[in-house]
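Work through the exercises below with the sequence and the coordinates at hand, and try each task before reading its solution.

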Amino acid sequence: MDSGFEWDRILIAVALLAAMFLLPALVIWRDQVRDRRRFGAQTLSRPVRYGPDGETYREGTAPAAGPAERAGRDDAPAPLTMSGVPGR
């Protein structure tokens, strides 16, 4: 074995590769936990939509707006029923 073999560079490369995969996985996991608490477990399979003000919400749920802002608005998506069809 060559005594000049540079183990420090290999360890740095392995650490960087691990960070490249672990950090995004942790961010995705954190977002899933936050969405599960915010919207409920049943809505995690629904796609994320963006409201006119830039706020995110899950399809089939109303965008997060206060009751004063929502008065008279009918642009919120209709809630889905068990069949997955709005209003049935």
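**Exercise 1. Find the salt bridge that joins the side chains of E6 and R9, and state how exposed each partner is.**

Step 1. The side chains of E6 and R9 meet in a salt bridge with an N to O distance of 2.9 Å, where a salt bridge is a side-chain nitrogen of Lys or Arg within 4 Å of a carboxyl oxygen of Asp or Glu.

Step 2. E6 is partly exposed at 41% relative accessibility, whereas R9 is exposed with a relative accessible area of 60%; buried means under 20% relative accessible area, exposed over 50%, and partly exposed in between (1.4 Å probe, protein chains only).

Step 3. As general background, side chains of opposite charge can pair when their charged atoms come close.

Before going on, note the basis of the values. The model is predicted, so local features need pLDDT of at least 70 and side-chain atom pairs count only at pLDDT 80 or more, while totals for chains, interfaces and linings use all residues. Residues are numbered from 1 along each chain as its sequence is written, and side-chain values use heavy atoms, with hydrogens and water left out.

**Exercise 2. Trace the salt-bridge network that contains R30, D31, R34 and D35.**

Step 1. A search of the whole structure gives four salt bridges, and R30, D31, R34 and D35 are linked in a network of such bridges.

Step 2. Within this network, the side chains of D31 and R34 meet at 3.9 Å, N to O, and D35 forms a salt bridge with R34 whose closest N and O atoms are 3.8 Å apart.

Step 3. D31 and R34 both lie in helix α1, three residues apart, about one turn of the helix. An α-helix has 3.6 residues a turn, so residues three or four places apart point the same way.

Step 4. D31 is partly exposed at 24% relative accessible area and R34 is partly exposed at 46%, whereas D35 counts as buried at 9% relative accessibility.

**Exercise 3. Describe helix α1, its buried residues and what follows it.**

Step 1. The elements of the protein run α-β-β-α from the N terminus on, which comes to two helices and two strands; helices (H or I, at least four residues) and strands (E, at least two) are DSSP runs, numbered from the N terminus.

Step 2. At 1.5 Å a residue, the 33 residues of α1 should span 48 Å, and the end C-alpha atoms of α1 are 48 Å apart, which agrees; the expected span is 1.5 Å times one less than the number of residues.

Step 3. V33, D35 and F39 are buried in α1, and what covers the buried residues of α1 includes β2 (56–58).

Step 4. Leaving aside neighbours within four places in sequence, D35 is in contact with G40, L44 and R58, contact meaning heavy atoms within 4.5 Å. G40, just after α1, takes a positive phi of about 100 degrees.

**Exercise 4. Locate Y50, decide whether Y50 is buried or exposed, and list its contacts.**

Step 1. Y50 has its place in strand β1 (residues 48–50).

Step 2. With a relative accessible area of 60%, Y50 is exposed.

Step 3. Not counting residues up to four places away in sequence, Y50 touches E55, T56 and Y57.

**Exercise 5. Identify the nonpolar surface patch that includes F5, and set it beside the figures for the protein.**

Step 1. F5, W7, I10, L11 and V14 form the patch, with about 500 Å² of accessible area together. Patches are made of residues with over 30% relative accessible area and no salt bridge, like charges being joined within 9 Å and nonpolar side chains (Val, Leu, Ile, Met, Phe, Trp, Tyr) within 5 Å.

Step 2. F5 lies in the segment before α1 (7–39), and F5 is partly exposed at 42% relative accessibility.

Step 3. The protein exposes about 7200 Å², of which carbon and sulfur atoms supply 63%; accessible areas come from the Shrake-Rupley method with a 1.4 Å probe, and for residues only the protein chains shown count as cover. Buried residues make up 15% of the 88 residues.

**Exercise 6. Which element has the lowest mean pLDDT, and which the highest?**

Step 1. Helix α2 (residues 67–70) has the lowest mean pLDDT among the elements (48), and α1 the highest (91); pLDDT is the predictor's confidence in each residue, from 0 to 100.

Step 2. The protein averages a pLDDT of 75, and 64% of the residues score at least 70. Where pLDDT is low, the predicted coordinates should not be read in detail.
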